[in-house]
Amino acid sequence: MKNIITLSIILCSLFTYAQKKYKRADEFFDKMWYIEAAKEYEAAIEKGDTSKEILQKAGDAYYFNTNMESANKWYEILVTEYPDEIETEYLFRYAHTLQGVGDNRSAKKWMKKFSDKANDDDPRAKKYAQEKVTLDDVLLMEPQFTLKNLDINTRFSDFGPMYYKDQLVYSSAVDTSNYHTRNYHWNEQPFLNLLLGKLNNSQTQATFLKGFSNKINTKYHEATVAFSPDEKTIYFTRNNYDGKLERDQEGINHLKLYTATLNEGDNEGIWTDIQELPFNSDEYSVGHPTVSKDGKKLYFVSDMPGSIGATDIFVVDVLGNNTYSQPKNLGETINTYGREMFPFVTDKALYFASDGHLGLGGLDVFESKYSFAFETPINLGAPLNSELDDFGYIVKEEKNIGFVCSNRKSGKGDDDIYSFERTPIEKCDQRIVGSVNSNVSGRSPIGDAEVVLLSEKGEILEKTQSTPQGEYSFVYPVACNTPYEIKVEKTGYKLSTTPAMTNKNSGETDIPITLSTLNKLIVEENGVLKIKIGIIYFDTNKAVIRNDAASELNKIVLLMKEYPKMIIKVESHTDSRADNAYNLKLSDKRAKSTRAYLVSQEIASDRIESAIGYGESQLINECVDGAQCAEARHQLNRRSEFIIITM
């Protein structure tokens with residue numbers, strides 16, 4: 001992608017070293033004449049200079065020219081010879097060159113090293129930590145694209161396609177006037193012009209027609225265009241050129257965006273009224289335009305002040321009469337400390353190339369779908385992306401066809417244009433639902449349990465509560481045929497962690513959860529957690545704790561000592577026989593007597609929230625006053641209950 005980086009002059013962060021020992025090489029490097037610079041640095045290395053600075057510059061001269069094999073050679077020596085002095089940016093570049101030579105195993109290791117060492121403010125650090133999405137995830141993506149190399153490609157750089165009527169406008173280093181090539185020093189290739197190609201009926205192949213416009217093409221670079229919806233306004237990228245190349249204070253010629261208007265006075269039309277966009281500058285680059293479907297927003301790439309990384313994607317509102325809103329950075333969801341380039345926007349998504357998001361090597365194409373805002377970008381995977389640079393993606397969404405550019409080794413030349421057909425992966429969504437039940441008491445439902453959905457890697461995706469009927473459901477849309485985990489917690493129950501493999505087809509996956517109480521004495525009745533022991537017997541008309549009652553209460557003592565945070569309340573009940581007031585008074589005495597016994601066994605009084613008698617006011621069956629009931633039925637109402645408040 002040698003020509004493309006130049007085009008952006010796309011401002012890879014170049015370091016200025018104090019060392020000026022190799023003045024000639026540094027001058028070449030500073031002018032971005034990387035082939036000449038590389039030769040000079042390699043000559044110095046052959047003479048014995050293997051300093052950190054010279055190795056960095058040798059690697060950079062190839063890295064910025066997208067010669068990953070040669071860059072990898074010098075970066076590998078650099079990280080080996082200076083392991084404790086290496087800057088994080090060179091860990092990043094070394095990892096990229098490893099991908100570029102196909103060594104993904106080593107690339108993963110160096111991506112992790114970069115992430116561990118990088119500044120927390122560097123958005124690439126989290127992306128390259130591979131905690132959410134790993135390189136393996138990208139490598140194992142199901143292929144969606146079929147690519148075909150175009151007939152218009154040459155041995156030079158051909159890239160930057162854009163639809164125009166039933167034709168294709170693109171950039172090429174071929175001089176179409178007489179096929180004489182005038183080279184520039186970045187990589188000894190000719191300067192770029194805009195050409196026009198004719199699309200076949202299926203719009204998957206193109207043949208060369210002619211130069212696009214002699215009003216727009218100059219003797220320097222023109223490339224990457226966008227059109228207004230009516231195709232009467234063109235936005236295009238050009239060197240900062242007004243009769244001569246203009247340079248900033250450091251001698252760099254930046255890129256600018258221009259517009260032109262179609263004058264339809266003859267059959268073919270002439271592009272006239274060429275104007276600079278008002279947010280251009282001699283001090284930074286602006287280029288690579290794309291226009292929203294309604295023509296109201298213009299997206300572009302720049303390294304202007306306010307950029308997050310080397311180059312970012314910005315947007316302006318198109319207000320008419322060559323007026324625009326202030327440029328707005330798309331933010332860290334899209335932009336990184338690396339390079340974000342070649343945006344293309346549709347009514348469904350933003351497509352762009354980046355080396356700051358996790359990819360397969362060099363620039364990869366990403367898709368960011370749009371709802372209320374641009375969503376987290378998704379790598380579109382192989383074969384669309386490769387170990388080298390892949391960029392310049394444009395698409396007709398309704399037909400799932402389009403074009404993409406790449407400098408992969410299987411191409412005809414430097415950068416080639418490929419047509420593609422996309423077969424979108426059928427979206428398969430699942431929802432996880434289920435129920436939470438106790439493993440005792442006939443698998444009774446457990447309400448108000450906290451149910452947590454986790455990814456296979458342990459990330460919390462959603463939390464919910466079970467209903468009184470024990471049912472739960474997650475709103476979070478999970479992937480089909482994918483492992484997840486469900487964690488359920490409730491006071492008095494053992495923590496449950498259950499694996500959940502979703503079904504292969506869209507729909508719902510039912511995952512029943514069974515909870516066990518922390519102790520066999522702990523039960524849940526009607527949503528209330530209780531300690532269940534044998535019947536506490538009292539002598540008739542008395543509230544004194546008998547020996548047989550004490551042996552049952554001692555079970556509670558042991559349980560409360562096992563769980564020192566447990567707090568309970570004591571409730572005492574009678575049957576309906578005898579006077580209501582008498583029953584209420586007797587049951588209250590028995591509740592307080594029970595509490596006193598527990599306290600006498602070294603249970604702190606503040607761990608018993610209350611001890612109250614309810615007499616016959618809370619009967620659990622039909623044995624009310626005057627009812628004919630067997631003794632066993634009356635006995636069910638004569639009970640002491642120990643309700644767990646907290647544990």
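**Notebook: disulfides, a helix pair and selected residues**

I began with the link of Cys428 and Cys480, which is left-handed, with -90° about the S-S bond. Cys428 sits in the loop between β23 (416-422) and β24 (429-438), while Cys480 sits in the loop between β28 (478-479) and β29 (483-489), so the pair ties together parts that are 52 residues apart in sequence. I noted for the record that this is a predicted model. The S to S distance for Cys428 and Cys480 is 1.7 Å.

I then looked up how far each of these two cysteines is shielded. Cys428 is partly exposed at a relative accessible area of 21%, and because buried means under 20%, that value does not place Cys428 among the buried residues. Cys480, with a relative accessible area of 13%, is buried.

How many disulfides does a search of the whole structure find? The search returns 2, and the other entry I wrote down is the disulfide that joins Cys623 to Cys629, with an S to S distance of 2.2 Å. The torsion about the S-S bond of Cys623 and Cys629 is about -105°, so I entered this disulfide as left-handed. Cys623 has a relative accessible area of 0% and is buried. Counting bonded cysteines along the chain, I get the pattern 1-2, 3-4 for the disulfides. I also checked Cys405, which counts as buried at 1% relative accessibility.

**Helices α4 and α6**

Next I turned to helix α4 (residues 52-63) and helix α6 (residues 88-100), which pack at an angle of about 50° with their axes 12 Å apart. That angle makes α4 oblique to α6, because it falls outside the ranges under 35 degrees, over 145 and 65 to 115 that carry the other labels. The crossing of α4 and α6 is left-handed. Which residues meet across this pair? From α4 I listed Gln56, Asp60 and Tyr63, and from α6 I listed Tyr90, Phe92, Arg93, His96 and Thr97.

I stayed with α6 to look at Leu98, which lies in that helix and counts as buried at 4% relative accessibility. Leaving aside residues up to four places away in sequence, Leu98 touches Asn72, Asp103, Ser106, Ala107 and Trp110. I also took the C-alpha separation of Leu98 and Tyr75, which is 9.8 Å for two residues 23 residues apart along the chain.

**Two buried polar residues**

Asn217 lies in the loop between β7 (206-211) and β8 (222-227). Is Asn217 buried or exposed? At 18% relative accessibility Asn217 counts as buried, since the cut-off for that label is under 20%. A polar atom of the Asn217 side chain lies 2.9 Å from the backbone nitrogen of Leu194. Leu194 also appears in the contact list for Asn217, together with Asn193, Phe212 and Glu222, when residues up to four places away in sequence are not counted.

Glu552 I found in helix α10 (residues 547-562), and at 16% relative accessibility Glu552 counts as buried as well. Again not counting residues up to four places away in sequence, Glu552 touches Ile533, Gly534, Ile535 and Ile536.

**Backbone geometry**

I closed with the backbone torsions. Where does a cis peptide bond occur? One joins Ala382 and Pro383, with omega at about 5°, and Pro383 belongs to the loop between β20 (378-379) and β21 (390-396).

Lys165 is not a glycine, although its phi is positive, at about 55°. I placed Lys165 in the loop between β2 (158-164) and β3 (167-172), and with a relative accessible area of 47% Lys165 is partly exposed. His288 likewise has a positive phi, near 55°, in a residue other than glycine. His288 is located in strand β12 (residues 286-291), and its relative accessible area of 1% makes His288 buried.

How values were computed. Residues are numbered from 1 along each chain as its sequence is written. This is a predicted model: local features need pLDDT of at least 70, side-chain atom pairs count only at pLDDT 80 or more; totals for chains, interfaces and linings use all residues. Side-chain values use heavy atoms; hydrogens and water are left out. Helices (H or I, at least four residues) and strands (E, at least two) are DSSP runs, numbered from the N terminus. Buried means under 20% relative accessible area, exposed over 50%, partly exposed in between (1.4 Å probe, protein chains only). A polar contact is a pair of N or O atoms within 3.5 Å; within protein, one must be able to donate a hydrogen and the other to accept it, and residues adjacent in sequence count only if both atoms are side-chain atoms. Contact means heavy atoms within 4.5 Å. A disulfide is a pair of cysteine sulfur atoms within 2.5 Å. Axes are lines fitted to C-alpha atoms, for helices over the stretch in contact, and angles run from 0 to 180 degrees between N-to-C directions. A crossing is left-handed if the near helix is turned anticlockwise from the far one by less than a right angle, and right-handed if clockwise.
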